[in-house]
Amino acid sequence: MSDILVEAVKGAAAHPRPEGIKFAYGTAGFRDKATILDSVMYRMGLLAALRSKAKKATVAAMITASHNPEPDNGVKLVDPMGEMLEAAWEKHATDLANAKDEDIGSALQRIIDAVDIDISLPADVFVARDTRPSGPPLTQALLDGLKVMGSTFTDFGILTTPQLHYLVRCHNSKGAYGEPTEDGYYKKLAEAFLKLREGTKKKYVPDVILDGANGVGALKTRKLQAHLNDTLKITVCNDGSSGKLNEKCGADFVKVQQMPPAGMDIQPGQRCVSFDGDADRVVFFYLNKDGVFNLLDGDKISTLIAGYLGELVSASGLQLNIGVVQTAYANGSSTRYLEDVMKVPVSCAKTGVKHLHHKALEFDVGVYFEANGHGTVLFSDQAEQKIKAASQDDSLECSRREAATRLTLMMDLINQTVGDAISDFLVVETILSTRDWAADDWNMQYRDLPSRLLKIKVKDRTAVQTTDAERCATAPAGLQEAINKLVAKYQQGRSFVRPSGTEDVVRVFAEADTQANADVLAHEVSVQVYQLAGGVGDQPQP
Ligand code: G16
């Protein structure tokens, strides 16, 4: 065994693996109670160094548990162009996290052999964390892993997840994607935003209230604001000065509970925006004139963006295909609106941005969003070249050139590496302002079908298995048949179940013609999950 691997085993003594726990690299990396993650962090330091050697480029490690409660934490690795870790390496991550302390050397050797890594190559890793109090010691454990492997690193301290994705891409593209600093990120977004901004509007009001989930998004939005030259007033609530991270606030709370967060005093018609704990998800909401809560989620965001980009592409005269990628959680009305009214092709992917990202690459312009507000837009290299060329082509009609110029600015405003709450927020504000729409106008594009999302605790969530982009359960036996029977009872009924990749639960989704029916259907399906998949605790009550 090489000296480095011997040192890696020695180093593990300071970061012992807790007995009896099985770790898994899930939807968004490792997620668990922060108190049991020290060994995982050390090992992810080792793995990040190997990944960097394998890719001969800088990679990144983000320490966050995003939408999960504050006592949780986690880590996800980021590939050189800011993409999620390549799927094949997730198994290496899981194997390494579960190896006995004394077997770390051989676990590393297996990865080195499988991928054929030259261990003598240099490694470089960018590291950042969210605002969780457990972040600093866990970062230290990860850095210990990097040091043992002889990797150089930059610890950026507290950043949003998408900022770290942006930085690693800027660095590896030698600045072609932007300046590789936090300030460079604000400058790039703000410059594009200001250029896309138009004069005063009648209905669109440049005033928005932000629910920062008591996390990093609130801190970073304040920094961004300094670059916006008062073009947009952002009142930051839930900024972490009193409440707890994600507690009764944040994008996940607002989406799942379908109500405004605590800590916000809002008036009818005011546009509100909610980020999650690491600011990679965003949803909008408002109260209508009767005080009724209205949610503008990832589906509404993707239809808004796809519609606007589609218009720009037609106006530019460029031949580019636009497609939208959703998951099974997408509201049925949004899919119908996209396909039947907007005539945009829609693909369905498994939950997890990495799956959507992959599918979006099949289009020239791929708009992908999960209903929970996690998403972005990808422009293929060819589309990017065509758009840039058209924006500089003096022989083109002025209106076509202008449309292409707006598209280039939209490309700058969009963080193409991963879903980014700050960037998506500015994209939505830009489109609303251009269209001169209030939140109500946006919401009226189509009417959501009522839906309900529940979670059920079971002994082992892997007992539930699915196929067809998670729309059909293949295990436990009889579950899908039971769901089919229940769904058939309701007008426009639809339901599916899937094991969460970030929490120890099975998720149940249902939609139907009325909220009451969606609620009953979700409850009935939950009872089936509880009975057939080994529910723990009391049976779900309506
Ligand atoms: C993560 C993933 C998302 C996913 C969400 C919930 O979000 O990045 O793609 O939708 O978890 O996943 P699950 O239902 O498997 O628990 P975040 O914002 O927590 O990183």
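A residue counts as near the ligand if one of its heavy atoms lies within 4 Å of it. The exercises below apply to a predicted model.

**Exercise 1. The ligand shell**

Task: Describe which residues surround the ligand and which polar atoms lie by its oxygen atoms.

Solution:
1. Begin with the shell. There are 20 residues around the ligand, and those that come nearest are His 67, Glu 370, Ser 500, Gly 501 and Thr 502.
2. Sort the shell by class. Ten of its residues are polar, eight are charged and two are nonpolar.
3. Look for short distances to ligand oxygen atoms, with 3.5 Å as the cut-off for a polar contact. A polar backbone atom of Gly 501 is 2.6 Å from one oxygen atom of the ligand. On the side-chain part, a polar atom of Asn 372 lies 2.9 Å from a ligand oxygen, and a polar atom of Arg 507 lies 2.7 Å from a ligand oxygen.
4. Consider the ligand surface. The ligand taken alone exposes 470 Å², and 98% of that is buried by the protein.

**Exercise 2. The three-stranded sheet**

Task: Work out the strand order of the sheet that contains β19, and place Arg 507 in it.

Solution:
1. Write down the order. The sheet is open, with three strands in the order β15-β19-β18 and antiparallel pairing.
2. Identify the edges. β15 (451-456) and β18 (494-499) are the edge strands, and each pairs on one side only.
3. Add the twist, which averages 15° from one strand to the next.
4. Examine one pair. β18 and β19 (residues 506-511) run antiparallel and are joined by six bridges. Within this pair, Arg 498 has Arg 507 of β19 as its bridge partner. Arg 507 also has a polar side-chain atom 2.7 Å from a ligand oxygen.
5. Place the helix. α18 (residues 515-532) lies across β15, β18 and β19, at about 20° to β15.

**Exercise 3. The five-stranded sheet**

Task: Which strands stand at the edges of the sheet that includes β7 and β10, and how does helix α8 lie relative to β7?

Solution:
1. Set out the order. Five strands make an open sheet, β7-β6-β8-β9-β10, with mixed pairing.
2. Read off the edges. β7 (233-237) and β10 (293-296) each have a single partner strand, so one side of each lacks a neighbour in the sheet.
3. Add the angle. With direction ignored, neighbouring strands of this sheet are turned by 25° against each other on average.
4. Take one pair. β6 (residues 207-211) and β8 (residues 271-275) run parallel, with four bridges between them. Asp 211 is bridged to Ser 274 in β8.
5. Place the helix. α8 (residues 216-225) lies across β6, β7 and β8 and runs at about 155° to β7.

**Exercise 4. Loop residues**

Task: Locate Asp 239, Asn 246 and Pro 476, and state what the backbone or side chain does at each.

Solution:
1. Asp 239 is in the loop between β7 and α9. Beyond its neighbours within four places in sequence, Asp 239 is in contact with Asn 214, Ala 218, Leu 219 and Arg 222. With Arg 222, Asp 239 shares a side-chain polar contact of 3.0 Å.
2. Asn 246 belongs to the loop between β7 and α9 (251-257). Asn 246 is not a glycine, yet its phi is positive, about 60°.
3. Pro 476 sits in the loop between β17 (472-475) and α17 (479-487). The peptide bond leading to Pro 476 from Ala 475 is cis, with omega near 0°.

Notes
Residues numbered from 1 in each chain as written. Predicted model: local features only at pLDDT ≥ 70, side-chain atom pairs only at ≥ 80, totals over all residues. Heavy atoms only, no water. Polar contact = N/O pair within 3.5 Å; in protein donor to acceptor, adjacent residues only side chain to side chain. Areas by Shrake-Rupley, 256 points an atom, 1.4 Å probe, with all protein chains shown as cover. Nonpolar A, V, L, I, M, F, W, Y, C, P; charged D, E, K, R; others polar. Pairing = 2+ DSSP bridges. Helix = DSSP H or I, 4+ residues; strand = E, 2+ residues; numbered from the N terminus. Axes fitted to C-alpha atoms, helices over the stretch in contact; angles between N-to-C directions. Contact = heavy atoms within 4.5 Å.
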